Amino acid sequence: MRKTYLPLSDEDRDYLKALSKKRTIQAQVVDRARILLYKADGMTFQQIADKLAISTATVRLCISKFQKGGLDAALFDVQRPGRPSEITDDAKAWMIHFACQRPTELGYAQELWTLTSLHKYVQKHAEEAGYPRLSTVTKPYIQKFLKEQDMKPFKIKYYCEKRDPDFESKMHEVLLVYKQIEMQFDENGDLIVPDDYKLTITVSYDEKPGIQAISNTAPDLRPTSEHGEVYRDAEYKRLGTLSLLAGIDLLTGEAIPLVSETHKSSDFIEFLKILDKKYPSQDTIRIILDNHSAHTSKETRRFLDTMPKGRFKFVFTPKHGSWLNMIESFFSKMTRQMLRGIRVNTKQELEERIYKYFDEVNREPVVYHWKYKMDEISEEEAVSI
């Protein structure tokens with residue numbers, strides 16, 4: 001005998017499955033939901049009747065009602081209102097309203113919804129809100145509905161608030177510097193040296209504090225033919241931290257490090273002394289940096305007062321605008337290449353390996369070129385500064 005199948009949409013299947021598991025509705029509605037599901041799977045009238053311990057006449061009547069009047073006609077008697085044929089726009093708006101709220105404001109401990117917790121909330125409160133159809137809504141439906149609305153209340157996407165009222169003007173000042181650097185190279189990418197040999201050296205500078213010196217409690221097991229990964233004991237020992245003060249010469253790509261126990265004003269001044277010793281006395285050393293207190297302290301200003309006029313020039317990035325400073329991408333690369341998973345026996349070893357990394361980088365220095373919004377900066381404006 002050839003099997004016949006009842007045509008059901010995925011949404012109708014999900015709805016019937018939800019009904020078939022509910023214990024708060026009439027038993028006959030549960031049976032009818034199961035009849036339709038079994039018939040959709042190709043079972044015969046007799047097989048369905050035997051499985052549910054009902055008569056074949058009951059099975060036939062349910063299927064006949066479905067074929068004539070649809071899902072509601074098959075499930076509910078005429079005198080019962082049944083469910084609406086579809087979820088109304090008001091009901092959908094109600095779901096969106098709660099999906100956009102913090103669960104903690106609704107009495108939950110959690111900060112973000114999970115699909116399960118949102119589904120349970122909708123089912124629990126739908127009846128009292130005047131949307132009884134949603135009391136049997138399925139989890140896959142809510143998932144599909146949120147996707148259609150391009151809503152992801154289960155995820156956090158971070159952004160940086162522009163809290164600096166002068167953000168745009170400060171960003172523009174940094175971009176002007178990058179434009180001026182561009183203009184220091186000819187069409188072949190070679191540095192243009194002025195006749196008087198006086199150059200403006202631009203250094204992208206920042207600190208990377210709190211680099212942890214961590215040692216193993218047992219030796220690593222190196223990859224073998226049996227296992228292709230490094231095996232490491234989960235226990236470790238903390239040896240302390242170091243701070244890295246570093247700059248990149250944006251004309252040559254050379255990275256300039258200073259490893260210290262701290263990153264106070266005295267450490268920053270020590271870095272400035274390194275730069276002062278490194279570059280010819282006639283050059284101007286322009287530094288792109290953030291507005292950290294160590295960069296503007298009385299101690300730092302006193303040191304700058306001892307320098308020849310115009311020797312150092314600071315260009316500050318706006319608050320929450322560290323991404324405008326090119327050394328940030330260098331630090332990110334350093335973390336991935338060298339610091340990730342690093343283990344040392346002493347803090348001294350960590351310091352030595354940091355300096356060794358800079359030596360390796362400087363064997364093949366990379367000149368960084370800023371691209372973002374550079375088309376908004378004209379050469380005429382850059383020259384006039």
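Is Glu261 buried or exposed? Glu261 counts as exposed, at 51% relative accessibility. That value comes from a predicted model. The briefing below covers salt bridges, surface patches, loop residues and backbone angles. The salt bridge count is 9.

**Salt bridge: Lys347 and Glu261**

- The side chains of Lys347 and Glu261 form a salt bridge, with 2.7 Å from N to O.
- This pair ties together distant parts of the chain, 86 residues apart.
- Lys347 belongs to helix 14, which covers residues 347-363.
- Glu261 sits in the loop between strand 3 (255-260) and helix 10.
- Lys347 is partly exposed, and its relative accessible area is 23%.
- Glu261, at 51%, is classed as exposed because the cut-off is over 50%.

**Salt bridge: Asp276 and Arg311**

- Asp276 and Arg311 also meet through their side chains in a salt bridge, at 2.8 Å from N to O.
- Here too the pair links distant parts of the chain, 35 residues apart.
- Asp276 is in helix 10.
- Arg311 is in the loop between helix 12 (298-305) and strand 5 (312-316).
- Asp276 is partly exposed, with 26% relative accessible area.
- Arg311 has a relative accessible area of 4%, so this residue is buried.
- A network also appears among the salt bridges: Arg102, Glu105 and Glu111 are joined into one by bridges that share partners.

**Salt bridge: Lys179 and Glu182**

- Lys179 and Glu182 pair through their side chains in a salt bridge of 3.3 Å, N to O.
- Both residues are in helix 9, 3 residues apart, so about one helical turn separates them.
- Lys179 is buried, at 11% relative accessible area.
- Glu182 is partly exposed, at 35%.
- As a general point, side chains of opposite charge can pair when their charged atoms come close.

**Surface patches**

- Glu11, Glu86, Asp89 and Asp90 make up a negative patch on the surface.
- One of these residues, Glu11, is in helix 1 (residues 10-21).
- Glu11 has a relative accessible area of 38%, which makes this residue partly exposed.
- A nonpolar surface patch consists of Leu191, Val193 and Tyr197.
- Together these three residues have about 280 Å² of accessible area.
- Leu191 lies in the loop between helix 9 (167-182) and strand 1 (200-216).
- Leu191 is partly exposed, with 31% relative accessible area.
- Patch residues need over 30% relative accessible area, so Leu191 meets that cut-off at 31%.

**Residues in loops**

- Thr136 is in the loop between helix 7 (115-129) and helix 8 (139-148).
- Thr136 counts as buried, at 7% relative accessibility.
- A polar atom of the Thr136 side chain lies 3.2 Å from the backbone oxygen of Arg133.
- Ser281 is in the loop between helix 10 (265-278) and strand 4 (284-289).
- Ser281 counts as exposed, at 65% relative accessibility.
- Ser281 and Arg311 are 30 residues apart along the chain, and their C-alpha atoms are separated by 7.8 Å.
- Ile25 occupies the loop between helix 1 and helix 2 (27-40).
- Ile25 is partly exposed, with a relative accessible area of 29%.
- From Ile25 to Ala129 the chain runs 104 residues, and the C-alpha to C-alpha distance is 19 Å.

**Backbone angles**

- Most residues other than glycine have a negative phi.
- Ala53 is not a glycine, yet its phi is positive, at about 60 degrees.
- Ala53 is placed in the loop between helix 3 (45-52) and helix 4 (56-69).
- With a relative accessible area of 69%, Ala53 is exposed.
- Asp150 is not a glycine either, and has a positive phi of about 55 degrees.
- The loop between helix 8 and helix 9 holds Asp150.
- Asp150 counts as exposed, at 63% relative accessibility.

Key. Residues are numbered from 1 along each chain as its sequence is written. This is a predicted model: local features need pLDDT of at least 70, side-chain atom pairs count only at pLDDT 80 or more; totals for chains, interfaces and linings use all residues. Side-chain values use heavy atoms; hydrogens and water are left out. Patches are made of residues with over 30% relative accessible area and no salt bridge: like charges are joined within 9 Å, nonpolar side chains (Val, Leu, Ile, Met, Phe, Trp, Tyr) within 5 Å. Accessible areas come from the Shrake-Rupley method with a 1.4 Å probe; for residues, only the protein chains shown count as cover. A salt bridge is a side-chain nitrogen of Lys or Arg within 4 Å of a carboxyl oxygen of Asp or Glu. Lys and Arg count as positive and Asp and Glu as negative; His and the chain ends are not counted. The place of a charge is taken as NZ of Lys, CZ of Arg, CG of Asp or CD of Glu. Helices (H or I, at least four residues) and strands (E, at least two) are DSSP runs, numbered from the N terminus. Buried means under 20% relative accessible area, exposed over 50%, partly exposed in between (1.4 Å probe, protein chains only). A polar contact is a pair of N or O atoms within 3.5 Å; within protein, one must be able to donate a hydrogen and the other to accept it, and residues adjacent in sequence count only if both atoms are side-chain atoms.
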